[in-house]
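This report covers one sheet, one surface patch and one side-chain contact. The sequence and structure are shown first.

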Amino acid sequence: MQIKLGHIKLQNPVIPASGTCGFGQEMSEWFDLNLLGAISTKGTTREARYGNALPRIAECGGAGMLNAVGLQNPGVEEVIRHEIPALRAIYKGPIIANISGFSIDEYAYVCERIDKETDAAILEVNISCPNVHNGGMAFGTNPEAAAAVTKAVKAVTNKPVFMKLSPNVTDIASIARACVEAGADGLCLINTVLGMRIDIKRRKPVLANTYGGYSGPGVFPIALRMVHQVHKACPETPIIGCGGVSHAEDVIEMMMAGASAVEIGAASLQNPTACREIIEALPTVMKELKIEHLQDIIGIV
């Protein structure tokens, strides 16, 4: 089940998605984190953020959920001082530091600070958050803006940079190409799809933020299509695929579409042991499909 993300080896392709397991320690009460291929930490900004007003979660039946958490985090200095060391104390694998910002300068500042942390193997730069105002997705919906963030980050770090892309665009391949041409070492897609729910009794939006990011099984076909498109557009660039992955078979589909690794998000919020169960099920699915090495199926469709 071993795969490679660029030059970084993972014992398997399963990664908890940013924002769904805090900074990693929270998930350790459910299973041994060392089973995981890697861990993507909660999105980190320059300053501490409380996030959006409540309520900021809305269920969507079996199809998924909406979230408008709004990048709640303690700020980069506290992440460096406490969160990453605390995770390293219980986890030996690659740590992916997810970075968010509200300006190009902020992205560069946070990445430069995290660059000095030897325990962070990859920078996952989120230019795709749909549930905060004036930040994130504004950079991820325009090729020139996406390229500008990529260039600024690459100028201040020697770590591999994976740009996390928004699905809320007309042509995701053009955004991906712009990032790769600007120096991105890899890509992560997709983030959540912008959505809304209305409380028909109160005649108001369910979320205080009105809109939120839709995730869960309902977005899987969209995510799969976009991973496939981006792999065709940037065939030499490693991709972390995410969006609605809930089962081992979904991991196989994502990898066949072009993903080198796969992040698990909403499934873990519903079932904290989802990542472990998917990892445990993968060998059986591989045997049934006569797959000897997962690395061999990347982008075969």
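Is asparagine 126 buried or exposed? The model is predicted, and in it asparagine 126 has a relative accessible area of 5%. Buried means under 20% relative accessible area, so asparagine 126 counts as buried. Asparagine 126 lies in strand S8, which covers residues 120–126. Its side chain makes a polar contact with the side chain of serine 128, at 2.7 Å.

Tyrosine 211 can be treated in the same way. Its relative accessible area is 44%. Partly exposed residues fall between the 20% limit for buried and the 50% limit for exposed, and therefore tyrosine 211 is partly exposed. Tyrosine 211 is found in the loop between strand S13 (204–205) and S14.

| Residue | Location | Relative accessible area |
|---|---|---|
| Asparagine 126 | strand S8 (residues 120–126) | 5%, buried |
| Tyrosine 211 | loop between S13 and S14 | 44%, partly exposed |

Tyr211 also belongs to a nonpolar patch on the surface, together with Leu194, Met196, Ile198 and Ile200. The accessible area of the patch is about 520 Å² together.

Leucine 194, a member of this patch, stands opposite glycine 213 in S14. S11 and S14 (residues 212–215) pair in the antiparallel sense over three bridges. Both strands are part of an open sheet of four strands, in the order S5-S6-S14-S11, with antiparallel pairing. The edges of this sheet are S5 (57–59) and S11 (193–195), each of which pairs on one side only. On average, neighbouring strands of the sheet are turned by 35° against each other, direction ignored.

Notes. Residues are numbered from 1 along each chain as its sequence is written. This is a predicted model: local features need pLDDT of at least 70, side-chain atom pairs count only at pLDDT 80 or more; totals for chains, interfaces and linings use all residues. Side-chain values use heavy atoms; hydrogens and water are left out. Two strands pair if DSSP finds at least two bridges between them. Helices (H or I, at least four residues) and strands (E, at least two) are DSSP runs, numbered from the N terminus. Axes are lines fitted to C-alpha atoms, for helices over the stretch in contact, and angles run from 0 to 180 degrees between N-to-C directions. Patches are made of residues with over 30% relative accessible area and no salt bridge: like charges are joined within 9 Å, nonpolar side chains (Val, Leu, Ile, Met, Phe, Trp, Tyr) within 5 Å. Accessible areas come from the Shrake-Rupley method with a 1.4 Å probe; for residues, only the protein chains shown count as cover. A salt bridge is a side-chain nitrogen of Lys or Arg within 4 Å of a carboxyl oxygen of Asp or Glu. Buried means under 20% relative accessible area, exposed over 50%, partly exposed in between (1.4 Å probe, protein chains only). A polar contact is a pair of N or O atoms within 3.5 Å; within protein, one must be able to donate a hydrogen and the other to accept it, and residues adjacent in sequence count only if both atoms are side-chain atoms.
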